[in-house]
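Work through the exercises below with the model open. Each task is followed by a stepwise solution.

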There are 2 protein chains.
Amino acid sequence: MEIKAKVTIHDIAEKLNITASTVSRALNNSPRISETTKKAVLKAAKQMNYQPNNIAAALRNGKSNIIGVIVPTADRAFFASVVRGIEEVANTLDYKVIISQSYDSYEKEVQTIEALFRARVDGIIASIGKNTEDFEHFKKAQQKGMPLVLFDRTTDALEVSQVMIDDYWGAYKIVEHLIEQGCRRIAHFTNPKKVSVFKERLRGYTDALKNNGLPYEEELVVPSNLQLEDGRASMEQLLQLKEVPDAVFSASDFAAMGAMQVLKERSIKIPEQVALAGFSNDPFTSFSDPPLTTVDQLSIPMGKMAAELFFQQLKTDPNKYIPQKTVLKPELVIRKSSLKKEAQLIAATTAQK
Amino acid sequence: MEIKAKVTIHDIAEKLNITASTVSRALNNSPRISETTKKAVLKAAKQMNYQPNNIAAALRNGKSNIIGVIVPTADRAFFASVVRGIEEVANTLDYKVIISQSYDSYEKEVQTIEALFRARVDGIIASIGKNTEDFEHFKKAQQKGMPLVLFDRTTDALEVSQVMIDDYWGAYKIVEHLIEQGCRRIAHFTNPKKVSVFKERLRGYTDALKNNGLPYEEELVVPSNLQLEDGRASMEQLLQLKEVPDAVFSASDFAAMGAMQVLKERSIKIPEQVALAGFSNDPFTSFSDPPLTTVDQLSIPMGKMAAELFFQQLKTDPNKYIPQKTVLKPELVIRKSSLKKEAQLIAATTAQK
DNA sequence: TTTTAAAATGCAAACGATTGCGCAACCTTT
DNA sequence: AAAGGTTGCGCAATCGTTTGCATTTTAAAA
């Protein structure tokens, strides 16, 4: 078994005394070829250890069977899971996934998309970088007639298929949950950026308050970058208030975590004194103490759905295609950090003894 | 700005009244082309919005500028970070990264590698699936003269470049740390599989005990699958012992986490009564209460190193190449779960008041 | 002004698979 | 037995770049 020169359909053809055309057709199971020769070709191919050259086919066909995926960073839990979801469905259709990172930089994003064009990907699935406000580079993809699907961080500036979760609904529901648990002064950590997800979560928060007869109070809504440290700072700030809140709904798990740390340092009981909820269901949320109530973003399903929209678009005439906006209902993940009633009940029965 | 038919070097050539050869050479900055025409070509290319077709080039050159990466699952924190590292260096060299998942299935792994062959990747970077014991599919890559780099889960059955961390050293050091903190009965959670990493960690554990004059006790080494639930069970088991350990070094963060839960449920103080250490530095370890001491696996550097080995191999004559085995020294991440001395000190000063 | 070397560009064949069109050979029908 | 249909396969162009080997142009030397 030495290394033999790469075998092509021509080699097979020669061996069988037929032409490459016939071999090609046989391999592609064309009805124009007799069963006998098909069998012969298949057999010879196996025997000679033939490996089709997708690149040659790609050149001829003008399609590469490759999807380009752009994410801010490949190792953030959410994005990693989406990529996983995309790969899972791509895999079943013999498509490959090229992954590239934009690092939330506009310039990188533009470069990256150009690189994907050069690589001749058949289309692109992307989550827009935080600092991107111009979308010409994505439009280019559309102009080329490539399928383009946006997920999570999308924009309405583009007529494009997109998948996201219903941030409003998730926020609304979780605030409602907090209220149901007896919380009456619910604070919210938000982000001032134009990014729509945070706006939506804020809207869900305010509407839930309103519809449940609770007042919206400016001082309870604190904006920040939503990282761990920001969460700490925001919590400190809230604790300065004359009237301390009895719950915090953070638009990010990290900030919620920061708040949790501060509360614990001050021996403020969670959830009895302050209930806590985050957003994203980052893997770490189940390991905190108490485990953090949060909203699951359905990352893997989102990836799958994005891929499905992609292939749907791939199959239909670019002129006929109508972009689809898919909104996934997120799932509430209720954990101890917000189960005030239960905690009180346990406290009561323990005290009774 | 309508969609113009794709422009090729021939179009540029025609416009400039030269041939495609010249255009090609100009674009590739060949010394055989005069500066004047180079300028002209570049200008025309920009003007006509020329996009090079990598596929055609790949066909002609026999190389695609694509690396195939195989991981068990794309969304496990460790692998996601390695992929990130790989992509980072690939990106600087205008290489693209195709990612594919083996799901720890041998069959999938074989299929996946075949698919990568078809895609004509220039080489492969992979972490071997848990259940893989035959390596013919990887050998095929080598026979084709492709660069092949293995990371983390490697094998000595293949003469191949590999990157891993020094599990022995990491384990040794962390056990030493526990001893230094005053622990004398240190338990260990391990995994019975043939996978070398766990064997190495076990070896580091036993050697550290030995070299520090502590006895190795069978009953303190408990094997399991090292998931959260396994950690819980193992801890329960340890608590049944006549002499309960005063520390646990788990070969996985998840199992360590399970142990932490059990200890907390029983109000056993961490680290005062039982110190805890894990392995991997999974992101969640910094969010537990107390934060978990662990060993960082240098995932991003590992990815970068794997990519560097890859390119190194790509550059050198396959016959001359000598596989490199790179062993990264992991980093101890000391957190509260093991800082017994500090905890005792604080306890003491608090009591004094 | 011719000769000669160097510099710049052109020609044409690859790379490997696909496919529209055409041409045999064979079968059916009348 | 001639006309018309099928069936099975071959021819040759094509996808867009690259590159070895000319060939032309330019500049320098004689």
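## Ground rules and annotated domain

UniProt, in an unreviewed entry, lists residues 7-61 of chain A as "domain: HTH lacI-type"; its positions are given in the numbering used here, feature names are shortened, and annotations may be inferred rather than shown by experiment. The model is predicted: local features need pLDDT of at least 70, side-chain atom pairs count only at pLDDT 80 or more, and totals for chains, interfaces and linings use all residues. Residues are numbered from 1 along each chain as its sequence is written, chains are lettered from A and ligands numbered from 1 in the order in which they are written, and side-chain values use heavy atoms, with hydrogens and water left out.

**Exercise 1.** Describe the secondary structure of residues 7-61 of chain A.

*Solution.* Helices (H or I, at least four residues) and strands (E, at least two) are DSSP runs, numbered from the N terminus. The stretch is 67% helix and 0% strand. Its end C-alpha atoms are 21 Å apart.

**Exercise 2.** Characterise the surface near DNA strand C.

*Solution.*
1. Count the residues. 27 surround the strand, near meaning that a heavy atom lies within 4 Å of it. A:Arg25, A:Arg32, A:Tyr50, A:Arg60 and B:Thr22 are the closest.
2. Assign elements. The largest share, 4 residues, comes from α4(A).
3. Split the strand's atoms. Of those within 4 Å of the protein, 54% belong to sugar or phosphate, the rest to bases.
4. Look at individual atom pairs. An N or O atom in the A:Ser24 side chain is 2.9 Å from a phosphate oxygen. Base nitrogens lie 2.8 Å from a polar side-chain atom of B:Ser21 and 3.1 Å from one of B:Arg60.

**Exercise 3.** Place the salt bridge between A:Glu219 and A:Arg185.

*Solution.*
1. Apply the rule: a side-chain nitrogen of Lys or Arg within 4 Å of a carboxyl oxygen of Asp or Glu. Here the N to O distance is 3.0 Å.
2. Locate the partners. A:Glu219 sits in the loop between α9 (196-211) and β7 (221-223), A:Arg185 in the loop between α8 (167-180) and β6 (186-190), 34 residues apart.
3. Check exposure. Buried means under 20% relative accessible area, exposed over 50%, partly exposed in between (1.4 Å probe, protein chains only). A:Arg185 is buried at 9%. A:Glu219 is partly exposed at 39%.

**Exercise 4.** Which residues are linked in a network with B:Glu88 and B:Lys304?

*Solution.*
1. Start with B:Glu88 and B:Lys304, whose closest N and O atoms are 3.4 Å apart. B:Glu88 is in helix α5 and B:Lys304 in helix α12 of chain B, 216 residues apart.
2. Extend the network. A:Asp75 and B:Arg84 join B:Glu88 and B:Lys304 through salt bridges.

Terms used: A polar contact is a pair of N or O atoms within 3.5 Å; within protein, one must be able to donate a hydrogen and the other to accept it, and residues adjacent in sequence count only if both atoms are side-chain atoms. Ala, Val, Leu, Ile, Met, Phe, Trp, Tyr, Cys and Pro count as nonpolar, Asp, Glu, Lys and Arg as charged, and the others, Gly among them, as polar.
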